[in-house]
Structures are given as C-alpha cells and as structure tokens.
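Colleague: Got a minute to walk me through this fold? I'd like to ask a few things as we look at it.

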Amino acid sequence: MSLKAIASALGLSVTTVSRALNGFDDVAAATRKRIEEEADRRGYRPNAAARRLKTGRANAVGLVFPVSNASLNDSYYSEMLLTLDQRLALHEIDLLLLPNKPQDQQRNLLRMLRSGVLDALIVTHTTPQDVRLQRLQQKGFRFLTLGRSQLPQPYAWFDYDNHAGALLAAQHCQQQAGRLSGAQAIPLYVYDGLPHDSIITQPVNAILQSSQQRIGERVAEMVLQLLEGAPPAQLQTLWQPMLRLTSDAQ
C-alpha cells in the first residue's frame, strides 16, 4: 500500500500524507486523524527509515544472547522474553533477538551499532570482565545487562541476589536442625524447584526468584526508562528471592 493511494482516496497531496504519518506537527489535527484512519483501514505503516529521521529513534531494542548457553526452547527463559516483547510492543518498540557466537561477538556488536537500527541493547550472560560492555560504554551506547560486570562507569543492570537465596536456605536449615530425628534426612533446597522430569522423590524446599513474567515486566520498565534518558546508575535492580517450603520437607 502506497502513500499515493491514501492521498488519492482523501484528495490530499502525498507530501501532506507523508508528513502526517511520520509525526510532523505541521499537519492539522483533523487532517491527521483522517489520514491515520485511512492508513489503518488499508493496513499501511510508516516507513521506518523516515520515522528515524524525524524522531532520532529506531523504536527497536536488541537482546544479545550466546547461542551456546541459552535456548529459546527453554520455557523458563522464553516466558521472560515473551513478556518483555509484549510490554515493549505496547510502546511500539520492537525486540530483536541477536544470537551471539563467542568467536565473532565483537564484529557483530560493532556492526549493529553502526547500522543505527537499535536504540539500546540488552546483554545477557555477562562476565566479570566483559569486553562487550566495555566497548558499549566507550561508544556511549545505551545498554542494560542481565547479570553484572566490572565496568569503570555506572550502568543499568538486572540481577538475582543468589547470596540472599543461599542465606534464606541456611537460616531455615539451622532453624529445623533441632527438630530432625536421626531417621530424617536433611532438607533439600533447590533454586526454582525441581524440573518436571526429576528423578528425585524426596520433597524439597524451593528458593524462588519470582515468576519470569514479573521479571520480564521489570526488565521492560527499566528499558523504557533507559530510553527516556534515566541515568544508568538509577536503573539497577537486585531481585530478591523467597523461600517456598514443602510441608514434607520442613
């Protein structure tokens, strides 16, 4: 569907239709409404390149994940991605998945930065001395990490407080120690519980990091704030776990 067809149907110039659909403010509100309604009826969407010229934004965020460590078939991981994608879509922001191979991660990263198709990056599976993040800071490119690294300047990150989870388990185990008889086994504590196909029959207590849906919602909130110019130092979330007790394991 072309701008010319919309312009012809409404009796307007192609220039007027183009400027209305690409967000320019020199088109009357009533005219803009007519154009947008006609464009919606015909299923037309503004050209992404033209929109970037007007707003300076691509309305897209990339998520970098290593293909050797993460699988999109993992329902636990994919639920977070689905929620993140849905939340960003409400603001007309696309989430682009960028598989990252260790041998060419620097080349791919630089190529994406030069392309101008992304407003920010979400980087997963960080390392203590992560060269990807160092390069992003050097370039002044906006990013948020899932995990933490050692960088010279503050940056936006989301991470799990695994130390707090272990402490919850240790404290509960200590509280239960005096109640266990000689025949009773020491309780098991497992992060996020056992998988459905586990062969372990002994009841366990689960250290939960909350649902992946809630985590996806929180990461989306942080990304939106980052895009709006919030200082990275204010976008740092250490997610607190909770202990779910199984009655037979207490």
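**Strands, sheets and cores**

Modeller: Sure. Strand 6 and strand 7 (residues 204-208) run parallel, joined by four bridges. Keep in mind that this is a predicted model.

Colleague: Which residue in strand 7 stands opposite Tyr191?

Modeller: Strand 6 covers 188-191, and it bridges to strand 7 in the parallel sense. Opposite Tyr191 in strand 7 stands Ile207.

Colleague: Which strands stand at the edges of that sheet, and why is one side of each left without a neighbour?

Modeller: The sheet is open, with three strands in the order 6-7-9 and mixed pairing. Strand 6 (188-191) and strand 9 (242-244) each have a single partner strand, so one side of each has no neighbour in the sheet. The edge strands, then, are strand 6 and strand 9.

Colleague: And by how much are neighbouring strands of this sheet turned against each other on average?

Modeller: Here direction is ignored. For neighbours in the order 6-7-9, the average turn is 30°.

Colleague: Which helix lies across those strands, and at about what angle does it run to strand 6?

Modeller: That's helix 8, residues 162-177, and it lies across strand 6, strand 7 and strand 9. Angles here run from 0 to 180 degrees between N-to-C directions. For helix 8 against strand 6, the angle is about 165°.

Colleague: On to strand 1: how many of its residues are buried?

Modeller: Buried means under 20% relative accessible area. On one side Ala60, Gly62, Val64 and Pro66 are buried, and on the other Val61, Leu63 and Phe65 are too. Strand 1 is largely enclosed by the rest of the structure, because its buried count is seven of the seven.

Colleague: What are the bridge partners of Gly62 and Val64?

Modeller: Strand 1 pairs in parallel with strand 2 (residues 94-100) over seven bridges. Strand 1 also runs parallel to strand 3 (residues 120-124), with four bridges between them. Gly62 is partnered by Leu96 in strand 2, and Val64 in strand 3 by Val123.

Colleague: Which element gives the largest share of the largest nonpolar core?

Modeller: That core has 26 residues, and Leu63, Val219 and Val223 are among those touching the most other members. Strand 1, helix 5 (75-89) and helix 9 (212-227) are among the elements that each supply at least two residues. Eight residues, the largest share, come from helix 9.

Colleague: What does Val223 touch, leaving out residues up to four places away in sequence?

Modeller: Val223 is one of the core residues with the most member contacts. With those sequence neighbours set aside, Val223 touches Val61, Leu88, Ile122 and Leu144.

Terms used: Residues numbered from 1 in each chain as written. Predicted model: local features only at pLDDT ≥ 70, side-chain atom pairs only at ≥ 80, totals over all residues. Heavy atoms only, no water. Buried < 20%, exposed > 50% of the residue type's maximum accessible area, 1.4 Å probe, protein only. Pairing = 2+ DSSP bridges. Contact = heavy atoms within 4.5 Å. Core = buried A, V, L, I, M, F, W, Y, C linked by side-chain atoms within 4.5 Å.
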